[in-house]
Amino acid sequence: MFTQADKRCTLSELVAQVKDGDVLAVGGGLSWREPMAALRELIRQGRRGLTVVGSAHGIDIDLLCGAGVVAASGESYVGFEQDFGMAPNFRRACESGEVQVRDNCCYTLVQQLRAAISGLPFMPIRSVQGTSFEALHPEFKTMTCPYTGDKIVLVPPLQPDVVVLHAHFADRHGNLRIEGPPVADILFAKASRKVIVTVEEIIAHEELAEIGVTIPYFYVTAVCEVRYGAHPTSCYPNYAYDRQHTQYYYDQARQGAEVFRENYLKPFVSQCPDHQVYLEAIGGRERLHRLATWRESAEQWMSLYD
Amino acid sequence: MTEPIRTCTLGELMIYQIALTIEDGILAFHGFGSPQVQLALHLAKRSHAPNLVLVAGATYAVNPSPLFLTPTSNDFAMSVGAECDLDIEELFDLAASGRMGRMFLSGLQIDRWVNMNVTRLGDAGHLKLKLPGGGGGCNLSADAEHITIWTAAHRAPPDQQGRRRFRLVERCDFVTSVGHRTTDGSPRRGKGPDCIVTDLGVFDFDETGHARLQAIYPDTSAALVAENTGFDFPVADDLAITPMPEPDMIELIRRLDPMQIHRRELSHDDQTREFEL
């Protein structure tokens, strides 16, 4: 239980909750509400040997792989969909053996989180049988159901050491409000040992209670206000996905580890001492304003994908 | 005045073939990274399947009216106008309890029983190519009532040494999702896949669960399909040419996908294939 009255802290204090070798869950999914500012700070702090777990992810896991932070991946998908395709850093790190491949599937992950949340030694699942995931995950066991006689798979609890989330609002006590799809964030928050959160805005408790609490405070370890903390992924309604920046990222990553380090990691991560400097590096107020124009019209919204 | 529509592209024809597999009144989920399927579901709901419970992949929005198709699936533009929303566990619980009528899956390797691989090329000891992974495909391949399989990369042109890298393969290097029979030959539970829509034609399955060529396109043939397939397959006695979509359906697809995101699934050459209606 995390019960302290005021959980606000700096971004570097927040991220210092993650230790080398931890199992880290990352919130959001694909190009939506990934805690990118916290991940950049994690890289700056030189964290190593993390096992990442999650459902469908993109630039977040790819960035961590490109920075040499990850030792194993238990994600169900890491890529850029039909937008750019395969995730270059993730792919390279897996193929070189630097990152151990422990792919998972979405419902398997959900059931494992549910086992952790409910304090059970396993959860049953019907799928997975007949796939290569059985060999990849020897910890999954098969048993005959005592009620139906059917064969079922048992999956053990998954309790991440830390989950890092980016939410729209928090109060200082750590109650969180997420707008739009929560992806696996609520499950992760309930299953993880520590929950660290960046938010667009910290507001008064009364105001938060009015709009509704998505995740109760006692799950939450620490919060930090980081506006545009999901950039270049989206955090609607505040801002859309920054496709131009992602295109630049992808083009550098595709050219190899060295080019990626020089042309992306240096200017946007290691040489940015903090998030404010990053926001200037990506184009400052003008760029950020543009990402908020999605509401103006369908044409304007569509133009953000050019 | 716009010109009347007299032709359709390969992408539009494939979207129509996928839409034809969608029953009215069921719950179907389009997943992510699947623009042809996303458009097929919206086409079905606006034509023959008005009571379809359309669940959008990644956002889990129910019956949305996207303003335009986006290149990434978890985007507010894809969930605009939704009637309600599910969350991740609810969607997968619906499938596990038998209430997902149809799911759509693809693979970089697809075998004769439609086991599929989107995880890695090379065997466990030697990883040749790490693919993005299957999302929830492993689970849904076993839990959804019916599966439509699609791939826009069936054609496997020979390289300079004359070798072809097949999409429809003799054997998958990794089985991400299950088809009709697992690799050890044991049959699956449930009904499973009933259709494969490709850039060369449409397959159904024989009584053993083996893929069978059921229809071709006006510019393909059974011989061409065989040449581009890594396993032998039966051909339906009444092998036909697929039906063509109506002009208003094509217009709808073009309106839903003004950026032509679905064309990104097609090879460069296939983007210029057109068919007379």
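## A glycine just past a helix

Let's start at a small turning point: just after helix α5(A), Gly97(A) takes a positive phi of about 90 degrees. Keep in mind as you explore that this is a predicted model. The helix before that glycine has several buried residues, namely Pro88(A), Asn89(A), Phe90(A), Ala93(A) and Cys94(A).

## Two pairs of helices

Helix α5, residues 88-96 of chain A, has a partner in helix α10, residues 243-254 of chain A. Their axes come within 8 Å and cross at roughly 30 degrees. Angles under 35 degrees count as roughly parallel, and α5(A) and α10(A) are therefore roughly parallel to each other. On the α5(A) side, the contact is made by Pro88(A), Asn89(A) and Arg92(A), while α10(A) brings Tyr249(A), Tyr250(A), Ala253(A) and Arg254(A). By character, the residues of this contact divide into 4 nonpolar, 1 polar and 2 charged. You have already met Pro88(A) and Asn89(A), which are among the buried residues of α5(A).

Now look at helix α2 (residues 36-44) and helix α3 (residues 59-66), also of chain A. Here the axes come within 10 Å and cross at roughly 10 degrees, which makes α2(A) roughly parallel to α3(A). From α2(A), the residues in the contact are Met36(A), Leu39(A), Arg40(A), Leu42(A) and Ile43(A). They meet Ile59(A), Asp60(A), Leu63(A) and Leu64(A) of α3(A). The residues of the contact between α2(A) and α3(A) divide into 7 nonpolar, no polar and 2 charged.

## Inside the cores

Which residues touch the most other members of the largest nonpolar core? They are Leu176(A), Val197(A) and Met100(B), out of 71 residues in that core. Leaving aside neighbours within four places in sequence, Val197(A) is in contact with Leu14(A), Leu165(A), Ala167(A), Leu176(A), Val220(A), Ala222(A), Val223(A) and Cys224(A). There is also a second, separate core of 64 residues, which includes Cys65(A), Tyr236(A), Ile282(A) and Phe76(B).

Leu165(A), one of the contacts of Val197(A), is worth a visit too. You will find Leu165(A) in strand β9, residues 162-170 of chain A. Is Leu165(A) buried or exposed? Leu165(A) is buried, with a relative accessible area of 0%. Not counting residues up to four places away in sequence, Leu165(A) touches ten residues' worth of company, including Gly27(A), Pro35(A), Leu176(A), Asp185(A), Ala189(A) and Ile215(A). Leu165(A) and His57(A) are 108 residues apart in sequence and 13 Å apart in space, C-alpha to C-alpha.

## A buried threonine

Thr221(A) sits in the loop between α9 (205-211) and β12 of chain A. Its relative accessibility is 7%, so Thr221(A) counts as buried. What does Thr221(A) touch, not counting residues up to four places away in sequence? The list is Phe2(A), Gln4(A), Lys7(A), Gln17(A), Lys194(A), Val195(A) and Ile196(A). With Gln4(A), the separation is 217 residues in sequence and 8.8 Å in space, C-alpha to C-alpha.

## Backbone details to look for

Next come some local features of the backbone. A cis peptide bond joins His231(A) and Pro232(A), with omega about 10 degrees. Another cis peptide bond runs from Tyr236(A) to Pro237(A), with omega near 5 degrees. Pro232(A) lies in the loop between β12 (222-225) and α10 of chain A, and Pro237(A) has its place in the loop between β12 and α10 of chain A.

Two valines have a positive phi although neither is a glycine: Val128(A), at about 85 degrees, and Val183(A), at about 50 degrees. Val128(A) is in the loop between β6 (123-125) and α7 (133-136) of chain A, and at 1% relative accessibility it counts as buried. Val183(A) lies in the loop between β10 (176-177) and α8 (185-191) of chain A and counts as buried at 10% relative accessibility.

## Where the chains meet

Finally, let's see how the two chains come together. The contact takes 50 residues from chain B and 52 residues from chain A. Between them the chains bury about 4,400 Å², with 66% of it on carbon and sulfur atoms. In chain B, the residues that lose the most area to chain A are Phe76(B), Lys130(B) and Pro132(B), together 16% of what that side buries. Phe76(B) is also one of the residues in the second core.

Notes. Residues numbered from 1 in each chain as written. Chains lettered and ligands numbered in written order. Predicted model: local features only at pLDDT ≥ 70, side-chain atom pairs only at ≥ 80, totals over all residues. Heavy atoms only, no water. Core = buried A, V, L, I, M, F, W, Y, C linked by side-chain atoms within 4.5 Å. Buried < 20%, exposed > 50% of the residue type's maximum accessible area, 1.4 Å probe, protein only. Contact = heavy atoms within 4.5 Å. Axes fitted to C-alpha atoms, helices over the stretch in contact; angles between N-to-C directions. Helix = DSSP H or I, 4+ residues; strand = E, 2+ residues; numbered from the N terminus. Parallel < 35°, antiparallel > 145°, perpendicular 65-115°, else oblique. Nonpolar A, V, L, I, M, F, W, Y, C, P; charged D, E, K, R; others polar. Buried area = accessible area lost by both parts, 1.4 Å probe.
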